[in-house]
Amino acid sequence: QGSIVLLGAACTRTQLLTAMPRLSFEVSWATPPEAAEGAVSARVAPHNRLTSIIGKRFDAMSAGEVTPLMKNISDSTEWLETSEETDPARALSWWCDDFRPQTLGLAHLFVWLALQLVGIALQMGMLQEIQQHLAEFETAVDANCRPGHSGPGGLCLGPSWSIFSQVVTFQPSPGADDGSGFDFVVPTSQKLEQFELRSEPPTFLLSIEQLPPSKDVLWKVQLSPLHPSGWPRGPDPVTGWGTQHQVIVDRSSVGSWSGEVSLLSQTSETTRLRLSVVDTRIGHLQDIHSQKQCSFEKSWSKFSEQHSGEHHRALAYTQLGIQCVLVVSLLLVGVLLCRLYSNSASGNLLRRMIALKFCVCDVFQQIFIVLYIYGWYARNGLRCQMCLFHPTHCESQDPLHWSNFLLCLVTALSSASNQLLIKAKTGKRDDDDDPCGDWIFLILFRFALFSVSVLPFSMAVYLSPFWFHFEHVVVMLFTAAVPLVVGWLTVCCGWTLVVFKDEWEL
């Protein structure tokens, strides 16, 4: 005998559908199969009618609940788009009564959309460059910084380097603690074994490591090529205290070298020093040394920091930031394109989109562009670090080449598009005793607004001589100083216009 057990009382469609999988069918094997199937069908038919009735009631309830919700959303959207309280042009004109909100038409919309689409394309190009640079850096790190390829000072030593190492031992100095009364001790010296330098010009890392348990001592190292005439004499002596690493570049001839290590301080115990000379086998050393922007020593040290280096972190953060800015920009542009496609009025929406994009995209995009240029083109940045392994990166590169310059220009224009939100009032200056002063004030107000809009760029240009190698430093500093000062004065002191607006009759 078949029976259907329905679990729970389904008040809504969701509860009913949740209970449906838990239906159990019990059919007695004593009943013939045909009879059992008929009994089940007879009992399932009323169940289907019950499900249909509950579903219709649920749809009616959902329609009744969703309709007010959609209406609230529609009313909120309309308020955000049309209310004077949310109009950024009203906020700007409140700061200065000589301006009023400007009505934006289709021409403004087309120009702004075209500017944004060009900017999005340039951002995608910069993002692709960043990804390529980071991939090349990862390949170089894997090839030169694998386990077992670490040299003195933690520097990465790949297949392009050779190392000579020797441990020298100094016995306790006479008169240090033996009570013999010596006032002066002649420094002791240890001769170094012969080693080979093949780099042209000779470029090597000199590393002195003080081995435990000896204390730090003062030492001097003199290295020179083995030449029959005794000339050239080699680089100047290197003096240091304790453990020290230094890159030495000399114009002497390549070949066999030697030297000696001298102990300049007294010690009461045996002192052991490990001297290491790491020679490079890089074939384009001349290209590296000819770079005014790059330092071989600092670039090598920065590369050995691997992923913890400041330049690599700058590019990694820029990659993530540009991706976020791209997503938001595409959403904002998509909203305006949908409005344009529906043939609806879009002037009010465009004013709010301009202000919203400036706050959530344009300012941060300026910062990310500056981070990218700093991380790749700065002194001893990732470009200089990759120059150690790829001669193509040793070629002179302008940080503001055509694609970067276009991206900076489009970003600055997009940031300054808030100038479209306001326009000067007509008719007020006709009755004024000083119309020339009014025009000057209007120009200064717009220039202050522009200076605030491009403040990250102007700060970067002003600080660029500290990051890059430039020839016309004075001109660049003066060009960036004016918008930088005006922008910061507006940001820091603009609140005084709000507080004392009525007293100053602005």
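In the predicted model, helix α8 (residues 347–377) packs against helix α10 (residues 402–415) at an angle of about 155°, and the two axes lie 10 Å apart. The angle makes α8 roughly antiparallel to α10. The crossing in which α8 passes α10 is left-handed. On the α8 side, the contact is made by Lys357, Phe358, Asp362, Gln365, Gln366, Ile369, Tyr372 and Tyr377, which meet Asn404, Leu407, Cys408, Thr411, Ser414 and Ser415 of α10. Sorted by class, the residues of this contact comprise six nonpolar, six polar and two charged.

A second helix pair is formed by α12 (residues 455–467) and α13 (residues 473–493), whose axes come within 8 Å and cross at roughly 145°. Here too the crossing is described as left-handed, with α12 passing α13. Helix α12 contributes Leu455, Ser458, Met459, Val461, Tyr462, Ser464 and Pro465 to the contact, and these residues meet Val473, Met476, Leu477, Ala480, Ala481, Pro483, Leu484, Gly487, Trp488 and Val491 in α13. The contact of α12 with α13 holds 14 nonpolar residues, three polar residues and no charged residues.

For the chain overall, the secondary structure amounts to 15 helices and 13 strands. The chain has 506 residues, of which 40% count as buried. Among contacts in the chain with a separation of 6 or more, 78% are between residues 24 or more positions apart.

One disulfide is present in the structure. This bond joins cysteine 387 and cysteine 394, with the sulfur atoms 1.9 Å apart. The torsion about the S-S bond is about 105°, so the disulfide between cysteine 387 and cysteine 394 is right-handed. Both of these cysteines, 387 and 394, are buried. Cysteine 359, by contrast, has its closest cysteine sulfur in cysteine 361, at 9.9 Å, which is too far for a bond. The relative accessibility of cysteine 359 is 49%, so this residue counts as partly exposed. Cysteine 493 is likewise in no disulfide, and the nearest cysteine sulfur, in cysteine 492, is 6.0 Å away. With a relative accessible area of 38%, cysteine 493 is partly exposed.

Two residues in loops that adjoin helix α9 were also examined. Histidine 393 is located in the loop between α9 (382–387) and α10. This histidine has a relative accessible area of 9% and is therefore buried. Leaving out residues up to four places away in sequence, histidine 393 touches Glu136, Trp376, Arg383, Met386 and Cys387. The last of these, Cys387, is one of the two cysteines of the disulfide. Asparagine 380 occupies the loop between α8 and α9. Its phi is near 60°, a positive value in a residue other than glycine. Most residues other than glycine have a negative phi. Asparagine 380 is buried, its relative accessible area being 8%.

Glutamine 286 is placed in helix α5 (residues 285–289). A relative accessible area of 48% makes glutamine 286 partly exposed. The C-alpha atom of glutamine 286 is 9.8 Å from that of cysteine 394, although the two residues are 108 residues apart in sequence. With neighbours within four places in sequence set aside, glutamine 286 is in contact with Glu200 and Pro201.

Leucine 340 belongs to helix α7 (residues 310–341). The relative accessibility of leucine 340 is 23%, and the residue therefore counts as partly exposed. Leucine 340 and phenylalanine 110 are 230 residues apart along the chain, and their C-alpha atoms are separated by 9.5 Å. Apart from residues up to four places away in sequence, leucine 340 touches Leu106, Leu109, Phe110 and Leu113.

Key:
Residues numbered from 1 in each chain as written. Predicted model: local features only at pLDDT ≥ 70, side-chain atom pairs only at ≥ 80, totals over all residues. Heavy atoms only, no water. Axes fitted to C-alpha atoms, helices over the stretch in contact; angles between N-to-C directions. Helix = DSSP H or I, 4+ residues; strand = E, 2+ residues; numbered from the N terminus. Parallel < 35°, antiparallel > 145°, perpendicular 65-115°, else oblique. Left-handed = near helix turned anticlockwise from the far one by under 90°. Contact = heavy atoms within 4.5 Å. Nonpolar A, V, L, I, M, F, W, Y, C, P; charged D, E, K, R; others polar. Disulfide = S-S within 2.5 Å. Buried < 20%, exposed > 50% of the residue type's maximum accessible area, 1.4 Å probe, protein only.
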